[in-house]
Amino acid sequence: MEMTMTTSEEQVQKSKSAKLILLFAMVSMTMMFAGLTSAFVVSKSRADWLKNFELPIAFYYSTAVILGCSVTFYLAKKAIQKDNRSATTAFLLGTLALGILFVVLQFAGFGQIVESGYYFTGEGSSITTTFLYVVTVTHLLHLAGGLISLLIIIYNHFKQKYNSTQTLGIELGAMYWHFLDLLWVYLFLFLYFFK
C-alpha cells in the first residue's frame with residue numbers, strides 16, 4: 001500500500017527542508033566570520049596595529065538601524081500570519097528602507113574613517129583599517145543578498161503569494177535577516193572591544 005502525503009504535509013516538509021538549508025548556509029557564514037575575527041585577533045599583536053583607533057559614529061547609528069530591521073521584519077511576519085496584508089506591506093517596506101539606510105550609514109562610516117586620516121588600502125593604510133574594511137564589506141555583501149531576497153519577498157507579497165497559511169518566504173527572509181543583524185552586532189561589539 002503506497003502512502004501519499006497531503007498538501008499540508010508537503011508544505012511542512014518543504015518548510016523544514018528550506019529552513020535546514022538556510023541554517024547550514026548561516027553556519028558556514030558564521031565560520032567564515034569566525035575565521036576573519038580570529039585573524040583580526042592574531043594580527044592585533046603586530047607592531048603596526050593602531051591602538052587608539054575609534055569606530056566611526058556612523059557605525060553606532062547603523063547598529064541601531066539594523067536592529068530596527070529585525071523588529072520590522074518580525075512584525076511583518078506576525079502581520080501576514082494574521083492575514084493583515086496592509087501591515088505586512090508597511091513592515092516589509094520599512095525593513096527595506098532601514099536596510100538601505102544601514103548600507104548608507106556603513107559607507108558614511110567609511111568616509112568618517114578616511115576623514116580621520118586612516119585609509120583602507122595604499123600608502124596611508126594600516127592593517128587595522130584594512131581588516132575593518134574587509135570585515136564590514138564582507139558583511140555588506142551578505143546584506144546585499146538579504147536586500148535582494150527582501151525585494152523578492154516584497155514582489156511575491158504584492159503578487160499575493162503569502163497569507164496566514166503560506167508564510168515560508170517571509171519566514172526564511174526573517175531568519176536570514178535576524179542572522180545578519182546578530183552577525184553585525186557581534187562584529188560591532190568585537191570591533192569595539194578588540195581594538
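Contact here means heavy atoms within 4.5 Å of each other, and helices are DSSP runs of H or I with at least four residues, numbered from the N terminus. The model is predicted, with local features needing pLDDT of at least 70 and side-chain atom pairs counted only at pLDDT 80 or more, while totals for chains, interfaces and linings use all residues. Residues are numbered from 1 along each chain as its sequence is written, and side-chain values use heavy atoms, with hydrogens and water left out.

Helix α2 (residues 57-81) packs against helix α5 (residues 168-193) at an angle of about 160°, their axes being 9 Å apart, where axes are lines fitted to C-alpha atoms over the stretch in contact and angles run from 0 to 180 degrees between N-to-C directions. The two helices, α2 and α5, are therefore roughly antiparallel, a term for angles over 145 degrees. Residues of α2 in this contact include F59, Y60, F73 and Y74, which face a set in α5 that includes W177, W184 and F188. By class, the contact of α2 with α5 has 16 nonpolar, 5 polar and 3 charged residues.

E171, one of the α5 residues that meet α2, also joins its side chain to that of K19 in a salt bridge (2.6 Å, N to O), defined as a side-chain nitrogen of Lys or Arg within 4 Å of a carboxyl oxygen of Asp or Glu. Because E171 lies in α5 and K19 in helix α1 (residues 7-43), the pair ties together parts 152 residues apart in sequence.

Two spans that the unreviewed UniProt entry annotates as "transmembrane region" are set out below.

| Span | Helix | Strand | End C-alpha distance |
|---|---|---|---|
| residues 57-76 | 100% | 0% | 29 Å |
| residues 130-155 | 100% | 0% | 37 Å |

Methods: Angles under 35 degrees count as roughly parallel, over 145 as roughly antiparallel, 65 to 115 as roughly perpendicular and the rest as oblique. Ala, Val, Leu, Ile, Met, Phe, Trp, Tyr, Cys and Pro count as nonpolar, Asp, Glu, Lys and Arg as charged, and the others, Gly among them, as polar. UniProt positions are given in the numbering used here, feature names are shortened, and annotations may be inferred rather than shown by experiment.
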